[in-house]
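Trainee: I am new to this structure and would be grateful for a guided discussion of its helices, strands and sheets. May we proceed by question and answer?

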Amino acid sequence: MSLMSLQSFSLVQHQFFSCFANHIDPSTDSSQLTLPARSIKMATRGINVHPTGYHPSALTKTAFDIIILGGGPVANLAEDRLAKAGLSVLVVQHELYGGECHFFGCVPSKALLRPIEAFEAAKAIDGAREAIGNTKIDVAAVFKRRDKIVDLWDDSNWVSISNAPSGATLTRGFGRIAGTKTVSIQPHGETQRYGVTANIAVVVATGSTHFVPPIPGIESLDEGTQLWNNRDAVSANTIPEHLIILGAGAVGSEMATFYSAIGSRVTLISSTSEILPKCEPEAAKIVRKALEASGVSVKLSSHVTKIENQSASSLSVVLSNGEVISGSVLLNVTGRRPRTFDLGLESIGLAGEGQPLETDESFAVPVSQGAEPWLYAVGDVNSLGPTTHMGRYQARIASNAILSSVAEHQPSGKITTPIGVSVTKAKDTRNTFPQVIFTEPNISAVGYTLALAQSAGLKVRVVDSDFSIPGAWLYGDGQPGWARWIIEEGTEKLVGATFVAVEGSEFANATQVAILQGMTLGEMVHVVPPFPSRGEIWTYLLDAAGY
């Protein structure tokens, strides 16, 4: 894949993955975005995202083979792979080591949602339903379990199980590019900057951050109490009386699922004609109906024109149709942007300030013509599928590319390369990448939706099936379920699939393998799911496709 194709691929993937990753809302004018500050306020629980220790003044050297900016799970994979190969690695992390995903994203949100999922699944089965009776979910216990999983936002445990075994060096501070293979580190709350250099490469894995839309009055709300972002929503241990959610992508829909289940009155505001606008409309509709059945008020095709701060515990939002909605907390989850703000990229001739870093197929950032690659960008910062699992895939490819380059140009160097080091170029993952939205029911998907396949110029046909199958009957009583395959005409190969089911997060895996390997439906006939299981949906889709 050429650099030019990767750059255009970046734009397509940014649109494709926004259904799941909750990047910029399609109705938002990105030129009018309010850019986030570098230091994010965390008032909800008094969480300290800038712990002490690992000060750059304590570094015993200033030159390392590799410098990694960021300390989340994407950076963790890169540091582990590169350090264990024998390279000296410095990890520069501004906030909690473990990153957004571990402390404020995927992990705490799913820790909150899983008890709801298990509770609802149990209530769908005779015998368990009667045992539960009118018992309500223990919200305090749910919060306590979440707190335990994220170590009460103390990163020392994550440092001990991830950084320490890798052999990489950790330092705390805000890292900036200060020139070719040069980084400055500014500790939180200090003005002094400490310089370090990389002998081989700098890897940018700074992730993404939320933004605040320029709605009149939003600045009057107190951040962390009246105005929440994703961090506040997943770290809170209180139940808002009336939670108004601005943004009906993955995060907004998941938080509507959780907070309505624990007793909040919830209003979900979607700027589009259906929630989860980049998913299959039929799938999004099933989730919306489930949310409405749980008491969520969903406002479709709605735009907030003004926000008013009524009191410390009361606010109101005014919709474009004149409707006024009063609530106690506003959760803003209208999107995220790459963390390229104040990153020093201008020092090497690149743009930052929320723009993604463009890369080649090894995730190297082209800096100067003909020069050996030394700058890499992995994870949300390049917008190529901004999710943790996609970022870790990228980190594996980039690490392999770095190690392969070292082995080629420094054959006398003492490094130990992994067996798979030759896998140095990423595949075009637009039609192979799996995703899950953990609403109730889940949406699990791989590749193209019908709309995206058609817009890409593919000639496709669609087959659908509900979950009226024996495995599903045994799994639960009257649970919603629906599935779709997108099949390329002429080749009879899958290019996309969507599954909607309770506890349905695993459905995409087998389909991903089929798509990645280019299996035809004729070959997929020989993939036999066990009976009775919900995996039988595979054979029902084959039946619908005429096989």
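Trainee: Which residues of helix 7 are met by residues of helix 2?

Mentor: Please bear in mind that this is a predicted model. Helix 2 contributes Asn76, Glu79, Asp80, Ala83 and Lys84 to the contact. By class, the contact of helix 2 with helix 7 has three nonpolar, four polar and three charged residues. On the side of helix 7, the residues met are Trp158, Ser162, Asn163, Pro165 and Ser166.

Trainee: Are helix 2 and helix 7 roughly parallel or roughly antiparallel to each other?

Mentor: Helix 2 spans residues 73–84 and helix 7 spans residues 156–166, and their axes lie 8 Å apart. The two helices pack at an angle of about 30°, and angles under 35 degrees count as roughly parallel. Helix 2 and helix 7 are therefore roughly parallel to each other.

Trainee: Which elements do the buried residues of helix 7 pack against?

Mentor: The buried residues of helix 7 are Val159, Ser162, Asn163 and Ser166. Because they cover an arc of only 110° around the axis, they are on the same side of helix 7. The elements that these buried residues pack against are helix 2 and strand 3 (169–172).

Trainee: Which residue follows helix 7, and what is its phi?

Mentor: The residue after helix 7 is glycine 167. Its phi is positive, near 90°.

Trainee: How many bridges pair strand 4 with strand 5?

Mentor: Strand 4 (residues 174–179) and strand 5 form a hairpin with two residues between them. Lysine 181, in the turn, has a positive phi of about 55°. Glycine 179 has threonine 182 of strand 5 as its bridge partner. The pairing of strand 4 with strand 5 is antiparallel, and the number of bridges is five.

Trainee: What is the bridge partner of threonine 182 in strand 6?

Mentor: Strand 5 is also joined to strand 6 (residues 194–204), and the two run antiparallel. Four bridges connect them. In strand 6, the partner of threonine 182 is threonine 197.

Trainee: Why is strand 5 described as largely enclosed by the rest of the structure, and how many residues of strand 4 are buried?

Mentor: Strand 5 covers residues 182–186, and four of its five residues are buried, so the rest of the structure largely encloses it. Strand 4 is mostly covered as well. Of the six residues of strand 4, the number buried is five.

Trainee: Which strands stand at the edges of the open sheet with the order 18-19-22-21-20?

Mentor: Five strands form this sheet, and their pairing is antiparallel. Each edge strand has a single partner strand, so one side of each is left without a neighbour in the sheet. The strands at the edges are strand 18 (434–437) and strand 20 (460–466).

Trainee: Which residue in strand 19 stands opposite proline 434?

Mentor: Strand 18 and strand 19 (residues 442–447) pair in the antiparallel sense, with four bridges. Within strand 19, the residue opposite proline 434 is valine 446.

Trainee: What angle does the direction of helix 10 make with that of strand 21?

Mentor: Helix 10 (residues 281–293) packs on the sheet, where it touches strand 19, strand 21 (481–488) and strand 22 (493–501). The angle between the directions of helix 10 and strand 21 is about 170°.

Trainee: Which strands stand at the edges of the open sheet with the order 8-15-9-10-11?

Mentor: This sheet is formed by five strands, and the pairing is parallel. Each of the two edge strands has a single partner strand, so one side of each is without a neighbour in the sheet. The edge strands are strand 8 (227–228) and strand 11 (297–299).

Trainee: Which residue of strand 15 stands opposite tryptophan 228?

Mentor: Strand 8 and strand 15 (residues 329–332) pair in the parallel sense over two bridges. In strand 15, the residue opposite tryptophan 228 is leucine 331.

Trainee: Does leucine 246 count as buried or exposed?

Mentor: Leucine 246 is located in strand 9. Leaving aside neighbours within four places in sequence, its contacts include Pro213, Ile269, Val304 and Leu331. Its relative accessibility is 8%, and buried means under 20%. Leucine 246 therefore counts as buried.

Definitions and conventions:
Residues are numbered from 1 along each chain as its sequence is written. This is a predicted model: local features need pLDDT of at least 70, side-chain atom pairs count only at pLDDT 80 or more; totals for chains, interfaces and linings use all residues. Side-chain values use heavy atoms; hydrogens and water are left out. Buried means under 20% relative accessible area, exposed over 50%, partly exposed in between (1.4 Å probe, protein chains only). Two strands pair if DSSP finds at least two bridges between them. Axes are lines fitted to C-alpha atoms, for helices over the stretch in contact, and angles run from 0 to 180 degrees between N-to-C directions. Angles under 35 degrees count as roughly parallel, over 145 as roughly antiparallel, 65 to 115 as roughly perpendicular and the rest as oblique. Contact means heavy atoms within 4.5 Å. Ala, Val, Leu, Ile, Met, Phe, Trp, Tyr, Cys and Pro count as nonpolar, Asp, Glu, Lys and Arg as charged, and the others, Gly among them, as polar. The arc is that of the directions from the helix axis to the C-beta atoms.
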